[in-house]
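This report describes how one protein chain is arranged. The sequence and the structure come before the text.

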Amino acid sequence: MTLDVDGVASSVRHELESGVQGDVVYPGDRGYDRVRAVFNGMIDRRPLAVVRPADTSDVIRCIEFVRRHDLPLSVRGGGHSVAGHAVRDDAIMLDLSGMKAVQVDPEARTVRADPGLTLGEFDRATQAVGLATTLGVVSVTGIAGLTLGGGLGWLNGRYGLACDNLISADVATADGQLLRASAQQNADLFWGIRGGGGNFGVATSFEYQLHPVDVVLAGGLSFPLIAAPQVLRFYDDFVKAAPDELSTAVSLALNPTGEHTVSIVVCYCGPIDEGEKVLHPLRTFQSPIVDWIQPLPYAALQSANDERFPSGRLHYWKSGWLPDLTDGAIETLMQFVAHMPSSASSVGLQQMHGVASRIAPSATAFPHRAEQYDFLILSQWSDATDSDRNVEWTKALFQAMQPHLEESVYVNNLGDEGPERVQAAYGDNYSRLAAIKGTYDPDNLFRANQNINPNPFVERSDRVPRRT
Ligand SMILES: Cc1cc2nc3c(=O)[nH]c(=O)nc-3n(C[C@H](O)[C@H](O)[C@H](O)COP(=O)(O)OP(=O)(O)OC[C@H]3O[C@@H](n4cnc5c(N)ncnc54)[C@H](O)[C@@H]3O)c2cc1C
């Protein structure tokens, strides 16, 4: 394609604009900087054009357009991936954030949801009828990227991950087809999209199983960092023996008064009186600085973390699975957290528990099925001149934690860390994912992501057969 000075030749602009009903935004247009921006302020990329589809047919037309002109494509759901793959220099950015339809079926306890919804928008619709499903723990995150990578949230112990609650999805594939992926239709694709990210096509609609969830017993306990050895050892034993209804997380951070703290956040999604009994030992084994555990509307818990993650800050994250909170791991965390360069940063441990941990590793593309913690160093700061020291501190802590971490990592926490880390995110499931990629996207059109290469060694006849 011939590009003019603004990026896209006018004849090609005309073809793109007349093909889609939604907006197309170019460099220089009002709103261009807003629509190309993603959550992580470290990402400053300039796409050739941002296509904001009105509906599924626009998505398919956009896929056909980029294929015809051999243009790179990136796909944005909620824009919250820290790696920033939703936007790419000199590419067409398919921004799904305007597609927000949501249809709840209270009788069947299911919901069909568009890919532009945030968790908060999704919860608002399902909570109106007292239903919910596992998503994540910050309500401004997008459902699309979160679900396609796994989706670890407050209900994982009782109901599994977000991807475990997926009943079906509609996927626009590289050849311009719209396929339904479910246990009955295109089962290989359905297996792949439950953890394999956006590698196989653009998900234009998700159908989830919902569960009765209304008021939960939730909130947090905070202790001074100095108490971390006793607190975290007790916590580790306690949560591993806890019922599925309890899902928890830990955060090591600075509190608003400038004190380093270790906090435990809990969500018990069973009957409140039973939850009170379950949580009693955790609430009484030591005196916390704060105990704000109380019956809370589920949606209130879902947005309780939001203000700690405003869009546009500079972020650098490192992550891995932590099986146990050993003395050595706790000591390392304490040493580093005491010298955290940014007061906005934190170290998080999100518990994978119960139902989510018992599903077979090969049942979906998401392989990390064990009682363990998603260990995540969430460095964030506002001044670009502080970037080097924040990145260095994050890398140093991650390095120091190596003896305690598994090699594997949750794909949705990855930055741009290279193909070996993507393979580590999938372990034994990688070769099956590569074969499915070879079936649905053999030319790797969908490569602005944690990329699975179509397996060059699989003969076409050996590929997973395609069913429509
Ligand atoms: C503040 C914050 C809190 C978080 N908390 C949690 C949490 O509690 N639990 C958890 O599991 N994760 C959590 N995450 C990680 C989150 O799951 C990922 O960042 C995820 O990618 C967000 O999805 P998104 O749609 O907002 O992102 P985007 O950046 O829009 O998308 C990420 C990638 O997904 C793909 N993609 C997106 N939409 C589609 C689509 N419709 N079809 C095909 N491919 C698509 C694209 O490859 C895209 O590059 C959190 C992230 C942040 C920033």
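What follows covers the overall fold, an open sheet with a helix across it, two helix pairs, and a run of paired strands.

**Overall fold**

The structure is a predicted model. The secondary structure of the protein chain comes to 15 helices and 19 strands. For 468 residues, a compact globule would have a radius of gyration near 23 Å, and the 22 Å of the protein chain agrees with that. The C-alpha trace spans about 70 × 55 × 45 Å along its principal axes.

**The open sheet and helix α3**

Four strands form an open sheet in the order β1-β2-β4-β3, and the pairing in this sheet is mixed. The edges are taken by β1 (23-25) and β3 (73-76); each has a single partner strand, so one side of each is left without a neighbour in the sheet. Ignoring direction, neighbouring strands of this sheet are turned against each other by 20 degrees on average.

The edge strand β3 pairs with strand β4 (residues 92-95) in the parallel sense, over 4 bridges. Within this pairing, D95 in β4 is the bridge partner of R76.

Helix α3 lies across β2 (49-52), β3 and β4, and runs at about 170 degrees to β4. Helix α3 also packs with helix α1, as described next.

**Two helix pairs**

Helix α1 (residues 10-19) and helix α3 (residues 56-68) cross at roughly 160 degrees, and their axes come within 9 Å. An angle over 145 degrees counts as roughly antiparallel, which makes α1 roughly antiparallel to α3. Their crossing is right-handed. On the α1 side the contact is made by V12, E15, L16 and G19, and on the α3 side by D58, R61, F65 and R68. Sorted by class, the contact of α1 with α3 has 3 nonpolar, 1 polar and 4 charged residues.

Which residues make up the other helix contact, between α11 and α13? Helix α11 (residues 327-337) and helix α13 (residues 387-400) pack at an angle of about 165 degrees, with their axes 10 Å apart. The two are therefore roughly antiparallel to each other, and the crossing of α11 and α13 is right-handed. From α11, T332, L333, F336 and V337 meet W393, A396, L397 and A400 in α13. By class, this contact of α11 with α13 has 7 nonpolar, 1 polar and no charged residues.

**Strands β5, β6 and β10**

Strands β5 and β6 form a hairpin with 4 residues between them. In the turn of this hairpin, R109 has a positive phi of about 55 degrees. Across the pair, R112 in β6 is the bridge partner of Q103. Strand β6 is also joined to strand β10, where F206 stands opposite A113.

The strand pairings with their sense and bridges are listed here.

| Strand pair | Residues | Sense | Bridges |
|---|---|---|---|
| β5 and β6 | 102-105 and 110-113 | antiparallel | 4 bridges |
| β6 and β10 | β10: 202-209 | antiparallel | 4 bridges |
| β3 and β4 | β4: 92-95 | parallel | 4 bridges |

To return to the helices, the contact of α1 with α3 includes 4 charged residues, whereas the contact of α11 with α13 has no charged residues.

Terms used
Residues are numbered from 1 along each chain as its sequence is written. This is a predicted model: local features need pLDDT of at least 70, side-chain atom pairs count only at pLDDT 80 or more; totals for chains, interfaces and linings use all residues. Side-chain values use heavy atoms; hydrogens and water are left out. Axes are lines fitted to C-alpha atoms, for helices over the stretch in contact, and angles run from 0 to 180 degrees between N-to-C directions. Angles under 35 degrees count as roughly parallel, over 145 as roughly antiparallel, 65 to 115 as roughly perpendicular and the rest as oblique. A crossing is left-handed if the near helix is turned anticlockwise from the far one by less than a right angle, and right-handed if clockwise. Contact means heavy atoms within 4.5 Å. Ala, Val, Leu, Ile, Met, Phe, Trp, Tyr, Cys and Pro count as nonpolar, Asp, Glu, Lys and Arg as charged, and the others, Gly among them, as polar. Two strands pair if DSSP finds at least two bridges between them. The radius of gyration is taken over C-alpha atoms; the globule rule is 2.2 Å times the number of residues to the power 0.38.
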